[in-house]
Structure formats: C-alpha cells, structure tokens
Amino acid sequence: MDSSSTRRQATRAKLYEAAVTLIAEQGFSATTVDEIAERAGVAKGTVYYNFKSKTELFEELLRHGVGLLTAQLRAAADETAAHGGTRVEALDAMIRAGLVFIDRYPAFTQLYVAELWRTNRAWQSTLLVVRQEAVAVVETVLREGVEGGELSDEIDIPLTAAALVGMVLVAALDWQAFQHERSIDDVHAALSRLLHGRVSGR
C-alpha cells in the first residue's frame, strides 16, 4: 500500500471517529460537516474530498463499522476451527468477539442499533446489506453445526443467528449504560450460559 493510500485511510478513520461521536451525541440532522471537520482536526474541504456528502460519509461509516465487526466475528470462528474447536465453541468465541468490539466502539454500536429501528433513512438499503453480512457469519457456523450433528436440525438458522447477534448487542449496551461495574468476563459468562442452554441443547 502506497503512502498516499495509507494517509487517505488514516484521514477517513479520523472522519469516521469524529462523525460517529458527534452523531451519537446530537443526532444526524443536527451534526454539520463543519463540526465533523473540526472534531477530526481537518479542513472542511477534506471531508468533501473523501465523501460527496454527509449522507455518503454516514453510509460509509456504517459499512466500515459493521465491516470491522463482521471481520472480528469471522476471525473468532476461524481461530476456533483452527484449534479443533466445536461449532458451539466457535459461537461462544464470536459472542466474546462481539462484546470486545462493542466495548471498544460503544458510540458506533449505539448508533447502529438506533438506526436499525428507523425505516425512512437514505441509507436503509446499505444498513440492511451490512447487517446481513454480519448475521451471515453466524448463520454459517450454525449451519455447519447442524450439518455436523452438533446442533439440533430443528433450529431456524436465520432467526437463531439474528437472535444471537441481537442478544449480544442488547446485553452489551445494557452493560455499558447500566452495569458498567461488571467486567467483560461477567457479561460473556452470562451470555455463554444462555448459548449452551438454548442452542446446544445440553
């Protein structure tokens, strides 16, 4: 990767961080490009050099953030498989990976969950695509578990995958907002017990 590409990625990362923090604080409509530029420490023209509009910036922010989450979920599953782990162990590792992501990017997670409930946004189609990419990683592990006889063939794979992702998102946001004295190990242990009781059938 050349230096100009590296610099552009670094600039975009600063813009993403500035935008997600501001939008989480005051909403999309109230956040201006000037504020994003100021928070990122760049000129306003730099924002428009990288993105055509505030809406495009937000769409790319969604792609970037959910893309990071998807990559971390996939890495957790792959690492478990590489060590000879079961599919339930892979799901458990993915739960922890999701919690680590949310702990690192709480503002993005709050924004993402809030946007899931809105249906009148210009980026709705983008949101649906990136959400499905994340859920599909969990679906793959569930499907492998069913095919290998480790999980019940009665489970509804799309709904179960969505439920597991939703469980992590909601539990983590509750942890961040109302039970921050708990450790990530506490939260993971609670969700792990649910996984083993509700999915593996043990």
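Here are three short exercises, with solutions, on a predicted model.

**Exercise 1. Describe how H4 and H5 pack, and say which residues make the contact.**

Start with the geometry. Two packed helices are described by the angle between their axes and the distance between the axes. For H4 and H5 the angle is about 145°, and the axes lie 8 Å apart. Next, the handedness: H4 passes H5 in a right-handed crossing. Now look at who touches whom. H4 brings residues including Gly65, Leu69, Leu73, Ala77 and Ala81, while H5 answers with, among them, Ala90, Met94, Gly98 and Phe101. Sort the contact by class and you get 11 nonpolar, 4 polar and 2 charged residues.

**Exercise 2. Find the residues that touch the most other members of the largest nonpolar core, and the helix that gives the most to this core.**

The core has 62 residues, and Leu91 and Met94 touch the most other members. Then check the suppliers: H1, H2, H4, H5, H6, H7, H8 and H9 each put in at least two residues. H8 gives the most, with 10 residues. As background, in soluble globular proteins nonpolar side chains tend to be buried together.

**Exercise 3. Work out which residues of H6 are buried and what covers them.**

Walk along H6, residues 106–116: Phe108, Thr109, Leu111, Tyr112, Val113 and Glu115 are buried, each with under 20% relative accessible area. Then look around these residues. Their cover includes H1 (3–26), H4 (54–82), H5 (87–104), H7 (124–147) and H8 (157–178).

Notes
Residues numbered from 1 in each chain as written. Predicted model: local features only at pLDDT ≥ 70, side-chain atom pairs only at ≥ 80, totals over all residues. Heavy atoms only, no water. Buried < 20%, exposed > 50% of the residue type's maximum accessible area, 1.4 Å probe, protein only. Helix = DSSP H or I, 4+ residues; strand = E, 2+ residues; numbered from the N terminus. Contact = heavy atoms within 4.5 Å. Core = buried A, V, L, I, M, F, W, Y, C linked by side-chain atoms within 4.5 Å. Axes fitted to C-alpha atoms, helices over the stretch in contact; angles between N-to-C directions. Left-handed = near helix turned anticlockwise from the far one by under 90°. Nonpolar A, V, L, I, M, F, W, Y, C, P; charged D, E, K, R; others polar.
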